[in-house]
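Please walk me through the aromatic residues of this model and the core around them.

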Amino acid sequence: MILIDVSGANVIVRKQDTLTSGMVGAAVVFRFDEDWNSLAKTAVFRAGKVIKDAIIVDSVAEIPHEVLATHGYVLEIGV
């Protein structure tokens, strides 16, 4: 599991995890500060040229398998 704290426009990765190509069902847990109250939240995942969105539900977003389909890319996560 990956844990990310979000405060305003700042993001801090608190816990990393090893992800492998082909992995399915990996998740990211987000902790948002009060600036994010009442906002709909979407995570954006990018690996190489592949970009996928995932709705954050109860502070958790599943990493889309498409961004983990090919090895050799760094996974970037945004909100």
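**Aromatic cluster and core**

This is a predicted model. Start with Trp-36, which is buried at a relative accessible area of 16%. That value falls under the 20% cut-off, so Trp-36 counts as buried.

Now take the ring pairs. The structure holds two of them. Phe-30 and Phe-32 make a stacked pair, with 5.8 Å centre to centre and 25° between the planes. The planes are under 30 degrees apart, so this pair counts as stacked. Phe-32 also pairs with Trp-36. Here the centres lie 5.0 Å apart and the planes meet at 45°, a tilted arrangement. Together, Phe-30, Phe-32 and Trp-36 form one aromatic cluster.

Burial varies across these rings. Phe-30 is buried, with a relative accessible area of 1%. Phe-32 is partly exposed, at 22% relative accessibility. Phe-32 has a charged neighbour too: Lys-41 lies over its face, 5.2 Å from the ring centre.

Next, follow Phe-30 inward to the core. The largest nonpolar core has 16 residues. Phe-30 is among those with the most contacts inside it, along with Val-28, Phe-45, Ala-61 and Ile-63. Three elements give two or more residues to this core: β1 (2-7), β3 (27-32) and β4 (42-47). In soluble globular proteins, nonpolar side chains tend to be buried together.

Which residues does Phe-30 touch, not counting those up to four places away in sequence? They are Ile-4, Val-6, Ala-43, Ile-56, Ser-59, Ala-61, Ile-77 and Val-79. Phe-30 thus appears both in the aromatic cluster and among the core residues with the most contacts.

Notes:
Residues are numbered from 1 along each chain as its sequence is written. This is a predicted model: local features need pLDDT of at least 70, side-chain atom pairs count only at pLDDT 80 or more; totals for chains, interfaces and linings use all residues. Side-chain values use heavy atoms; hydrogens and water are left out. Rings of Phe, Tyr and Trp (its six-membered ring) pair if their centres lie within 6.5 Å; planes under 30 degrees apart count as stacked, over 60 as edge-to-face and the rest as tilted. Buried means under 20% relative accessible area, exposed over 50%, partly exposed in between (1.4 Å probe, protein chains only). A charge sits over a ring if NZ of Lys or CZ of Arg is within 6 Å of the ring centre and within 35 degrees of the ring normal. A nonpolar core is a set of buried Ala, Val, Leu, Ile, Met, Phe, Trp, Tyr and Cys residues joined through side-chain atoms within 4.5 Å. Helices (H or I, at least four residues) and strands (E, at least two) are DSSP runs, numbered from the N terminus. Contact means heavy atoms within 4.5 Å.
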